[in-house]
Amino acid sequence: MTTAAQPSVASPVPMLDINRQNGPLLAEMERAIAEIGRSGAFLHGPACKSFEEAIAKYCHVEHAIGCASGSDALLLSLMALDIGAGDEVIVPSFTFFATASAVWRLGAKPVFADLIPETFNIDPADVARKVTTRTKAIIPVHLFGQCADMEGIRAAAPGIPIIEDAAQAIGAEYRGEKAGSMGLLGCVSFYPTKNLGGWGDGGLITTSDATLAAKLRVLRDHGQNPRYHHSLVGVCSRLDSIQAAVLHVKLAHLDDWAAGREQNARRYAAQFARLGIDRQLGLPQVAEGCATVWNQFTIRVPGGRRDALQQYLNERKIGSAIYYPIPLHLQKCFEPLGCQRGSLPESERAAEEVLSLPIFPEMTREEQDRVIGAIAEFCGVAGGSVKRAA
Ligand SMILES: *Cc1c(COP(=O)(O)O)cnc(C)c1O
């Protein structure tokens, strides 16, 4: 008889397996979608409205305005503040492209700020240095699920509107306040890999400002109100009802999933510490007063060995990802801004050192052990005996 039980060593460990999350909810989501189909209310119908209300409640804000993506949420937020040519908006350089491209697309100037090495989030001291009379907004990103230092940012730029990029951080808290509820506006993404991921694109803006909320509803709908009367030049950016219905089903589980991510994060930290490799890996730090939702578990591999570690994991079919390999101030498209290499040293260093490991809540203990084991091996630690890394 051939052996049925091959060691699980050969089976891949995915960076994220979205199907494991959707699987148990499929029937419920399919029912919700069928209902949309029967109703014929495909855009901004009752499903959308009730989802917006649920998110507003969840995020502790008065209003939530659905739109087509997290990127559009950023764009619409800036439009609602009338930001355009001649204006500056301070953004981190170490973030997803959309944070800065929204500013650029409106003809305004993204001004890049450096990061705090412990949290990867925007450095309030650098924000203070970059404020000018033209600064019209600041977009702190709650990177990898952890809120930026909001108190520090407010103090660095008193009175300047804050748009939170909470694309990766729905549910995260900072001193008891929810991500998306601390700035004038908050931007959420429902891209499938986010903690609350849809079956396609989707986004939303949170605010407790009624005037801005009303303006955003007009802006996302071509600027028309009433129909065919355009007081503003808006965009076409809707959250469709099918996405809203799917997301509403998933919202009920969001906190449980965050707890699963937290458990995986603690286990990584405990195991890497037990193996004595926690320091050389540069484990993610949670700042005081922050409750992160662990959209990513991002380690630092210094000394130019990051790519070698990723290669090592690839060879063992273990997923990992580099968020982000190039800081935005060094992107080709932003060359006209004239940013030099060396101008944001921490962002540049992070781009060379970071590696995100699988952290999705449905990953098994065995899978996590394989990730930990492979990294320990790479670090020259095996079976509890510590050897020097090659
Ligand atoms: C995902 C993401 C966005 C954009 O969201 P989309 O829904 O993909 O358009 C913006 N900012 C950050 C930090 C993100 O991670």
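**Figure 1. Composition of the shell around the ligand in the predicted model.** By class, the shell around the ligand is made up of eight polar, six nonpolar and two charged residues. Of the 16 residues that surround the ligand, those that come nearest are Gly-70, Ser-71, Gln-168, Ser-189 and Lys-194. Two helices, helix 4 (70–80) and helix 5 (98–105), each supply at least two residues of this shell, and helix 4 gives the most, with three residues.

**Figure 2. Polar side-chain atoms facing oxygen atoms of the ligand at Gln-168, Ser-189 and Lys-194.** In the side chain of Gln-168, an N or O atom is placed 2.8 Å from an oxygen atom of the ligand. For Ser-189, the distance between a polar side-chain atom and an oxygen atom of the ligand is 2.6 Å, while for Lys-194 a polar side-chain atom is found 3.0 Å from an oxygen atom of the ligand. The ligand taken alone exposes 380 Å², and 94% of that area is buried by the protein.

**Figure 3. The largest pocket, in which the ligand sits.** This pocket has a volume of about 400 Å³ and is lined by 23 residues, with Phe-96, Gln-168, Ser-189, Tyr-191 and Lys-194 lying nearest its centre. Gln-168, Ser-189 and Lys-194 are thus named both among the residues that come nearest to the ligand and among those nearest the centre of the pocket. Sorted by class, the pocket lining has eleven polar, nine nonpolar and three charged residues.

**Figure 4. Helices that contribute to the lining of the largest pocket.** Helix 4 and helix 5 each provide at least two residues of the lining, and the largest share, three residues, comes from helix 4. Both helices also supply at least two residues each to the shell around the ligand, where helix 4 again gives the most.

**Figure 5. The largest cavity and the residues that line it.** The structure holds two cavities of 30 Å³ or more, and about 110 Å³ of space lies in the largest cavity. Among the 13 residues lining the largest cavity, Phe-144, Gln-146, Pro-284, Gln-285 and Trp-294 are the closest to its centre. By class, the lining of the largest cavity divides into six polar, six nonpolar and one charged residue.

How values were computed
Residues numbered from 1 in each chain as written. Predicted model: local features only at pLDDT ≥ 70, side-chain atom pairs only at ≥ 80, totals over all residues. Heavy atoms only, no water. Near = heavy atom within 4 Å. Polar contact = N/O pair within 3.5 Å; in protein donor to acceptor, adjacent residues only side chain to side chain. Areas by Shrake-Rupley, 256 points an atom, 1.4 Å probe, with all protein chains shown as cover. 1 Å grid on protein atoms, 1.4 Å probe; cavity = no way out; pocket = protein on both sides within 12 Å on 5 of 7 lines; lining within 4 Å. Sits in = over half its atoms within 2 Å of the grid points. Helix = DSSP H or I, 4+ residues; strand = E, 2+ residues; numbered from the N terminus. Nonpolar A, V, L, I, M, F, W, Y, C, P; charged D, E, K, R; others polar. Points joined across faces, edges and corners; volume = space filled by probe spheres on them.
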